[in-house]
Amino acid sequence: MLLVEALDRTVLAHVRDGVAYLAAAVLSVFRGDVRAVDQRVFVGSSAVEIVNGCTGLDVGIFLASAILVFPAPWRARLRGAALAFAVAFGVNFLRVLTLCVLNEGSSGAFEIVHVYVWPAFISVACLATLLIWIRMTQPENV
């Protein structure tokens with residue numbers, strides 16, 4: 001338990017802070033009432049807190065794991081793992097941006113999109129990434 005807490009305080013907290021500050025920076029281009037405080041993004045008077053499940057790290061690990069165990073050359077696996085994290089972080093970042101905006105405008109829409117729409121979309125995006133990567137790593141004559 002001590003190792004998990006130490007990892008959370010040292011590494012994961014910085015990832016959460018980074019997502020919050022980057023989201024605030026992007027949103028502030030469109031709105032003047034956006035700011036980040038630690039792991040929270042404030043849009044107007046509402047706030048979205050970035051927790052461990054909101055960083056994309058878990059999805060990236062899951063997708064990279066699937067790619068790393070696939071029987072392909074190691075060079076392709078490593079490129080695929082990098083692609084996995086890029087897709088996971090990119091899609092998740094779009095998720096954070098939309099949820100910050102929705103939270104300020106409509107709590108009902110926020111709940112539906114947060115609980116149902118984005119998890120389904122991220123799952124489909126990761127599956128599509130995996131299938132495209134598998135297709136690209138297969139030899140032409142197979």
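**Exercises on a predicted model**

Trp133 is buried, with a relative accessible area of 5%. The structure is a predicted model, and the exercises below treat its sheet, its helix α4 and its ring contacts.

**Exercise 1. The aromatic pair of Trp133**

Determine which geometry describes the rings of Phe70 and Trp133, and where in the chain the two residues lie.

Solution.
- Step 1. A pair of aromatic rings is described by the distance of the centres and the angle of the planes.
- Step 2. Three aromatic pairs are counted in the model. For Phe70 and Trp133, the ring centres are 5.6 Å apart and the planes stand at 80°.
- Step 3. Planes over 60 degrees apart count as edge-to-face, so the pair of Phe70 and Trp133 is edge-to-face.
- Step 4. Phe70 belongs to the loop between α2 (57–69) and α3, whereas Trp133 belongs to helix α4. With their positions 63 residues apart, the pair links distant parts of the chain.

**Exercise 2. Two residues of helix α4**

Classify Ala120 and Thr129 as buried, partly exposed or exposed.

Solution.
- Step 1. Ala120 lies in helix α4, which covers residues 107–137; Thr129 is found in helix α4 as well.
- Step 2. The relative accessible area of Ala120 is 40%. Buried requires under 20% and exposed over 50%, so Ala120 is partly exposed.
- Step 3. Thr129 has a relative accessibility of 11% and therefore counts as buried.
- Step 4. Leaving aside residues up to four places away in sequence, Thr129 touches Leu63, Leu83 and Val87.
- Step 5. A distance may be added for Ala120: its C-alpha is 16 Å from that of Leu131, a residue 11 positions away in sequence.

**Exercise 3. The sheet**

Establish the order of the strands, the sense of their pairing and the residues that stand opposite one another.

Solution.
- Step 1. The open sheet consists of three strands in the order β1-β2-β3, with antiparallel pairing. Its edge strands, each pairing on one side only, are β1 (34–37) and β3 (46–49). From one strand to the next, the twist averages 20°.
- Step 2. Four antiparallel bridges join β1 and β2. Val37 has Arg40 in β2 as its bridge partner. The hairpin of these strands has two residues between them, and Asp38 takes a positive phi near 55°.
- Step 3. Strand β2 (residues 40–43) is also joined to β3 by four antiparallel bridges. Phe42 has Ala47 in β3 as its bridge partner, and Val43 stands opposite Ser46 in β3.
- Step 4. The hairpin of β2 and β3 likewise has two residues between the strands; Gly44, in the turn, has a positive phi of about 65°.
- Step 5. Helix α3 (residues 74–105) packs on the sheet through contacts with β2 and β3, and its direction makes about 145° with that of β3.

**Exercise 4. Charges over rings**

Identify which rings have Arg35 and Arg77 over them, and at what distance from the ring centre.

Solution.
- Step 1. The charged end of Arg35 sits over the ring of Phe42, 4.2 Å from the centre of that ring. Phe42 is the residue whose bridge partner in β3 is Ala47.
- Step 2. Arg77 lies over the face of Trp74, and the distance to the ring centre is 4.1 Å.

Technical notes. Residues numbered from 1 in each chain as written. Predicted model: local features only at pLDDT ≥ 70, side-chain atom pairs only at ≥ 80, totals over all residues. Heavy atoms only, no water. Pairing = 2+ DSSP bridges. Axes fitted to C-alpha atoms, helices over the stretch in contact; angles between N-to-C directions. Contact = heavy atoms within 4.5 Å. Buried < 20%, exposed > 50% of the residue type's maximum accessible area, 1.4 Å probe, protein only. Phe/Tyr/Trp six-rings, centres within 6.5 Å; stacked < 30°, edge-to-face > 60°. Lys NZ or Arg CZ within 6 Å of the ring centre and 35° of its normal.
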